Amino acid sequence: MADRDAPPGLVQTVILGVQHALAMDVYVVPFLVGTLLGLPAADTASLIGATFLAAGLATLVQSQLCLRMPVVQGPSYVPIGAVVAIAHDAAGGGIAALGGVFGALIPGAVLMVLLAWPLRLFHRIVARLVPPLAGGAIIVVVGITLMPVALQADVLGGDRAALGGNILLALASGAFAVGAGLGGIALGARGRWLRAGSVLLALAGGSVVAAFAGRFDGSAIASAPWLQRPLLAGIDVKLRLSPDAILTMLAVYAVVLAETTGTWLAVGAVTGETLRPGQYDRGAAGEGLGCLVSALLCSLPVTGYASNAGIVALTGIADRRVFAAAGVALFCFRLCGKLAAVIAAVPAPVIGGVFGVLCVVIVMNGIRILAALRLDERDMMVAGLPILLGLGTALLPPEFLAGLPRLARCLLGSATAVGAASAIVLNLLLPGRRG
């Protein structure tokens with residue numbers, strides 16, 4: 001359980017907040033979208049910067065005002081297929097082609113806020129669909145289905161000639177994270193700083209190892225500008241409204257909400273906090289507000305990052321002031337191009353190694369919840385089959401997904417959401433006790 005008895009001081013709060021921001025692959029989603037659409041380098045950089053800004057503002061809204069839990073918001077992988085499909089249908093090139101995407105995101109985000117806040121329906125849906133058995137299964141699924149993301153995207157992907165070096169860098173970074181976290185616990189109060197900074201130390205240590213191996217490229221830091229102006233939808237990018245695109249994004253938002261609910265449950269598991277009905281409603285409203293801000297800033301939909309729940313479990317610190325600092329850090333990464341270049345310079349295998357360790361922490365917290373329940377054969381199927389379905393989704397060949405209709409690509413675009421949804425559906429449909 002996270003340490004709530006000794007709140008961090010100001011300097012430690014800032015350092016821990018930066019640690020949360022550095023541990024996130026915030027730039028990966030906009031980079032993938034820019035690559036898939038063939039955007040010019042300047043437009044891709046603008047999209048990455050907008051995502052940092054939106055993630056920072058959404059984190060402040062969610063962690064301090066709405067959900068009021070230790071969460072960090074970042075770009076979701078779920079909408080990538082839909083974003084690319086909508087943009088390909090649009091006329092024009094560069095970031096202007098995303099005007100239809102931003103126009104489709106705004107109505108869905110407003111609807112999400114209305115359903116969650118004035119109508120207060122979201123907590124009723126969760127109470128009906130996510131009892132402890134399904135909740136524990138979802139947390140396990142979240143951790144396991146994120147493992148292929150950490151390994152394939154950051155470690156095993158790319159140039160095969162560099163595969164051996166990638167694996168060694170990931171192992172070194174993961175070892176730094178485990179060593180610092182467990183070493184801090186073993187030292188007790190004297191090692192609190194070591195445990196609290198375990199992720200930051202792992203990223204720094206992994207980057208040093210990468211530098212000695214000739215795998216760290218910091219040239220972009222020197223050439224990056226100090227200050228950057230954010231883009232605004234409707235001013236810098238003309239918005240377009242398409243009923244088909246709006247309906248597609250409504251389906252995407254449904255999947256994103258299922259994904260982020262799993263993150264909230266994971267955060268609650270590592271902090272020992274049981275979410276109250278009002279928190280679910282405020283959290284869904286915060287998700288909608290974050291996605292609305294993202295669209296207005298020419299960015300992509302944001303969601304709660306489960307990897308940061310792993311950081312909380314590893315460091316033992318869940319103070320919300322740390323997450324305010326994380327939001328400010330993400331905000332600064334956008335406005336200061338050099339700071340954004342620093343985080344982008346951390347080699348992908350280093351991030352992947354640390355990310356993998358955080359996934360393990362999330363999985364074990366889910367297993368802890370399931371272990372407290374008396375599982376019969378039916379319950380084991382409810383908890384186990386979503387893992388199979390989630391991993392199966394994660395391993396679907398890209399060429400198979402590319403041949404599916406747009407809506408199917410959206411629904412299958414997130415292994416985490418597929419696993420979470422299957423846990424809910426199986427708990428409802430399989431005969432027997434519904435725990």
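This note sets out points on a predicted model, for a reader who is new to the structure.

1. **The nonpolar core.** The largest nonpolar core contains 111 residues. Those that touch the most other members are Leu98, Val101, Ile138, Val199, Leu203, Met249 and Leu330. Helix α12 gives this core its largest share, 13 residues. As general background, nonpolar side chains in soluble globular proteins tend to be buried together.

2. **Val199 and its contacts.** Val199, one of the core residues named above, can be followed through its neighbours. When residues up to four places away in sequence are not counted, Val199 touches Gln19, Ala23, Ile311, Leu314, Val354 and Leu358.

3. **A nonpolar patch on the surface.** Nonpolar side chains also appear on the surface, where Leu111, Leu115, Leu119, Leu121, Ile125, Leu247 and Leu250 form a patch. Together these residues have about 590 Å² of accessible area. Two elements, α5 (99-116) and α12 (243-271), each give two or more residues to the patch.

4. **Leu250 and Ala251 in helix α12.** Leu250, a member of the patch, is found in helix α12. With a relative accessible area of 30%, Leu250 is partly exposed. Ala251 is found in helix α12 as well, but Ala251 counts as buried because its relative accessibility of 18% is under the 20% limit. Ala251 also takes part in a long-range approach: its C-alpha atom is separated by 7.5 Å from that of Leu411, although the two positions lie 160 residues apart along the chain.

5. **The aromatic pairs.** A search of the whole structure finds two aromatic pairs. The first to be described is that of Phe122 and Trp264, whose ring centres are 6.1 Å apart and whose planes stand at 80°, so the pair is edge-to-face. This pair links distant parts of the chain, with Phe122 in helix α6 (residues 122-129) and Trp264 in helix α12, 142 residues apart. Phe122 is buried, with a relative accessible area of 12%, and Trp264 counts as buried at 0% relative accessibility. Trp264 also pairs with Tyr280: the ring centres are 6.4 Å apart and the planes lie at 50°, so this pair is tilted. Since Trp264 lies in helix α12 and Tyr280 in helix α13 (residues 277-296), the pair ties together parts that are 16 residues apart in sequence. Tyr280 counts as buried, at 10% relative accessibility. Phe122, Trp264 and Tyr280 thus form one aromatic cluster.

6. **Gln279 in helix α13.** Gln279 is found in helix α13. Its relative accessibility is 2%, and Gln279 therefore counts as buried. Leaving aside neighbours within four places in sequence, Gln279 is in contact with Leu67, Arg68, Met69, Glu273 and Thr274.

7. **Arg68 and Cys298, two residues with positive phi.** Most residues other than glycine have a negative phi. Arg68, a contact of Gln279, has a positive phi of about 55° although it is not a glycine. Arg68 lies in the loop between α3 (41-65) and β1 (73-75) and counts as partly exposed, at 39% relative accessibility. Cys298 likewise is not a glycine and has a positive phi, of about 60°. Cys298 lies in the loop between α13 and β2 (302-304). In contrast to the partly exposed Arg68, Cys298 is buried, with a relative accessible area of 0%.

8. **The salt bridges.** Side chains of opposite charge can pair when their charged atoms come close. The structure holds two salt bridges. In one of them, Asp319 pairs with Arg321, and the closest N and O atoms are 3.0 Å apart. Arg321 counts as partly exposed, at 45% relative accessibility. In the other, Asp379 pairs with Arg378, with the closest N and O atoms 3.4 Å apart. Asp379 counts as buried at 1% relative accessibility, and Arg378 counts as buried at 11%.

9. **Helix α12 in several places.** Helix α12 recurs in these points. Helix α12 supplies the largest share of the largest nonpolar core, gives two or more residues to the surface patch, and holds Trp264 of the aromatic cluster.

How values were computed: Residues are numbered from 1 along each chain as its sequence is written. This is a predicted model: local features need pLDDT of at least 70, side-chain atom pairs count only at pLDDT 80 or more; totals for chains, interfaces and linings use all residues. Side-chain values use heavy atoms; hydrogens and water are left out. Patches are made of residues with over 30% relative accessible area and no salt bridge: like charges are joined within 9 Å, nonpolar side chains (Val, Leu, Ile, Met, Phe, Trp, Tyr) within 5 Å. Accessible areas come from the Shrake-Rupley method with a 1.4 Å probe; for residues, only the protein chains shown count as cover. A salt bridge is a side-chain nitrogen of Lys or Arg within 4 Å of a carboxyl oxygen of Asp or Glu. Helices (H or I, at least four residues) and strands (E, at least two) are DSSP runs, numbered from the N terminus. Buried means under 20% relative accessible area, exposed over 50%, partly exposed in between (1.4 Å probe, protein chains only). A nonpolar core is a set of buried Ala, Val, Leu, Ile, Met, Phe, Trp, Tyr and Cys residues joined through side-chain atoms within 4.5 Å. Contact means heavy atoms within 4.5 Å. Rings of Phe, Tyr and Trp (its six-membered ring) pair if their centres lie within 6.5 Å; planes under 30 degrees apart count as stacked, over 60 as edge-to-face and the rest as tilted.
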